[in-house]
Amino acid sequence: MTDADLIRRLTSDPAIFGGEPIVRGRRLAVEHVLAMLAAGDSMQDLLTAYPFLEPDDIRACLLYAYKLVAHERIDPFPVGSAA
């Protein structure tokens, strides 16, 4: 899966968390996924806690964080659901 494919898994909807990036239109913020990983939760922990979550969703969140830190351009997220 390409970087562009991964980033497309993240969306934004003004009606959900004020437009913050979310995973595939769900009420799960990218920020929350990253916080769980930073707190020591494993990928498997997240997949168990959120059955709709897929490994590529977590990779998309990590890629998003990388792009922010690297000051790379992140194209706007579409409103509504993704993949």
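Select R59 and D56 to begin: the two form a salt bridge, with 2.6 Å between the closest N and O atoms. The model you have open is a predicted one. Both residues belong to helix 4, where they sit three residues apart, about one turn of the helix. Colour them by accessibility next. R59 counts as partly exposed because its relative accessibility is 38%. D56 is partly exposed as well, with a relative accessible area of 21%, which is above the 20% under which a residue would be buried.

**The whole chain**

Zoom out and switch to a cartoon view. The protein chain shows four helices and two strands. From start to end of the sequence, their order is α-β-β-α-α-α. The radius of gyration is 12 Å, close to the 12 Å that the globule rule gives for 83 residues, so the chain is as compact as a globular protein of that length. Measuring boxes drawn along the principal axes would enclose a C-alpha trace spanning about 30 × 30 × 25 Å.

Turn on the surface. Its accessible area comes to about 4900 Å², and carbon and sulfur atoms account for 56% of that. Of the 83 residues, 34% are buried. A contact map adds another view: among contacts between residues at least 6 apart in sequence, 54% join residues at least 24 apart. For the charges, mark the mean position of the 8 positive ones and that of the 12 negative ones; these two points are 5 Å apart.

**R24 and D57**

Return to helix 4 and select D57, then add R24. Which atoms come closest in this pair, and how far apart are they? The closest N and O atoms of the R24–D57 salt bridge are 2.9 Å apart. The bridge links distant parts of the chain: R24 is in the loop between strand 2 (22-23) and helix 2 (30-38), while D57 is in helix 4, 33 residues apart from R24. Are R24 and D57 buried or exposed? Both are buried. For R24 the relative accessible area is 10%, and this is under the 20% limit, so the residue is classed as buried.

Keep R24 selected and check its backbone. Its phi is near 45°, a positive value in a residue other than glycine.

Now extend the selection to R9 and E54. Together with R24 and D57, these residues are linked in a network of salt bridges. Across the model, the count of salt bridges comes to seven.

**F52, beside the pair**

Next, select F52, in the loop between helix 3 (43-49) and helix 4 (55-69). Which residues does F52 touch, leaving aside those up to four places away in sequence? They are R24, R26, L28 and D57. Both partners of the R24–D57 salt bridge are therefore found in the contact list of F52, where contact means heavy atoms within 4.5 Å. F52 itself counts as partly exposed, because its relative accessibility is 23%.

**D5 and R8**

From F52, move to D5. The two are 47 residues apart in sequence, and their C-alpha atoms are 18 Å apart in space. Show the side chain of R8 too: R8 forms a salt bridge with D5, and the closest N and O atoms are 2.4 Å apart. R8 counts as partly exposed because its relative accessibility is 47%. D5 falls in the partly exposed class too, at 30%.

**A39**

Keep D5 as the reference point and select A39. Here the C-alpha to C-alpha distance is 27 Å, for a sequence separation of 34 residues. A39 lies in the loop between helix 2 and helix 3. It is exposed, with a relative accessible area of 67%.

**H71, the last stop**

Finally, go past the end of helix 4 and select H71, which is found in the segment after that helix. What is the phi of H71? It is positive, about 60°, although H71 is not a glycine. R24, visited earlier, also has a positive phi without being a glycine. As for their surroundings, R24 is buried at 10% relative accessible area, whereas H71 is exposed at 74%.

Note on methods. Residues numbered from 1 in each chain as written. Predicted model: local features only at pLDDT ≥ 70, side-chain atom pairs only at ≥ 80, totals over all residues. Heavy atoms only, no water. Buried < 20%, exposed > 50% of the residue type's maximum accessible area, 1.4 Å probe, protein only. Salt bridge = Lys/Arg side-chain N within 4 Å of Asp/Glu carboxyl O. Rg over C-alpha atoms; globule rule 2.2 N^0.38 Å. Areas by Shrake-Rupley, 256 points an atom, 1.4 Å probe, with all protein chains shown as cover. Lys, Arg positive; Asp, Glu negative; His and termini not counted. Charge placed at Lys NZ, Arg CZ, Asp CG, Glu CD.
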